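Visitor: I am new to this structure and would like a short tour. Could we start with the empty space inside?

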Amino acid sequence: MKRSVLLQKVFLVVIVALLLAALCTGAVYNVISHTLFAGIKSTELLPKARVLSQLLAQEGDSKKAGAMLSFMRSHEELLGGYFVITDADGQMMIGNDDIDAEIFSSMDNIVARVLKGEEVSAYSTQTVANIQIVGVGVPVTREGAICGALLIFVPLYETMAAVRGLNSALLISILIIMP
């Protein structure tokens, strides 16, 4: 009889240890995943922004630039996010229809950094019009001079939609392993 009581206590300790390990793993993953997936998304957007910046610089102010911009506007799913193009003064020239003045004005510090020649990868822990964003910004340079900025960004809730699926998979796998 004493053996079975000892075995039950050992079994209980093992189950409690597994539950604590599972809960700690889930909590740490949940905290780290926002930053991790935001970094992944910004590294995904940066090459697209560089290429588009070079195309914009080559096209200049010609009719081809207008055609390219209208193509970008109508095929925003190719970018994987929303975009804004500014002039050298930081004024929005063109962007997605969903971008209003409030959203654009909340990105002033990013635009200013890009117009200084810096490539910016931003994960906003503060909200932009009540939405957290992940984005990149690159300068548009023509003949060595900065003539504008290109910003591509994605609301964090879109990026985190994939994380919710992984969180669910993690939880289900832990629950399957437990019994």
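**Cavity, helix and cysteines**

Guide: A search of the whole structure, which is a predicted model, finds one cavity of 30 Å³ or more.

Visitor: What volume does the largest cavity have?

Guide: The volume of the largest cavity is about 40 Å³.

Visitor: Which residues line it?

Guide: The largest cavity is lined by Met-107, Ile-110, Ala-122, Ile-133, Gly-135, Val-136, Leu-151, Ile-152 and Phe-153. Two or more of the lining residues come from each of the elements β4 (133–142) and β5 (145–155).

Visitor: How many of the lining residues are nonpolar, polar or charged?

Guide: Eight residues of the lining are nonpolar and one is polar, while no charged residues take part.

Visitor: Let us turn to helix α4. Which of its residues are buried?

Guide: Helix α4 spans residues 108–115, and Ile-110, Val-111, Val-114 and Leu-115 are buried there. These residues lie on the same side of α4, because they cover an arc of only 130° around the axis.

Visitor: Why would residues three or four places apart point the same way?

Guide: An α-helix has 3.6 residues a turn, so residues at that spacing point the same way.

Visitor: What phi does Gly-117 take, just after α4?

Guide: Gly-117 takes a positive phi of about 105°.

Visitor: A change of topic: how many disulfides are there?

Guide: The count is zero disulfides, with a pair of cysteine sulfur atoms within 2.5 Å as the rule.

Visitor: And how exposed are Cys-24 and Cys-147?

Guide: Cys-24 is partly exposed, at a relative accessible area of 48%. Cys-147 is also partly exposed, and its relative accessible area is 23%.

Terms used:
Residues numbered from 1 in each chain as written. Predicted model: local features only at pLDDT ≥ 70, side-chain atom pairs only at ≥ 80, totals over all residues. Heavy atoms only, no water. Buried < 20%, exposed > 50% of the residue type's maximum accessible area, 1.4 Å probe, protein only. Helix = DSSP H or I, 4+ residues; strand = E, 2+ residues; numbered from the N terminus. Arc of directions from axis to C-beta. 1 Å grid on protein atoms, 1.4 Å probe; cavity = no way out; pocket = protein on both sides within 12 Å on 5 of 7 lines; lining within 4 Å. Points joined across faces, edges and corners; volume = space filled by probe spheres on them. Nonpolar A, V, L, I, M, F, W, Y, C, P; charged D, E, K, R; others polar.
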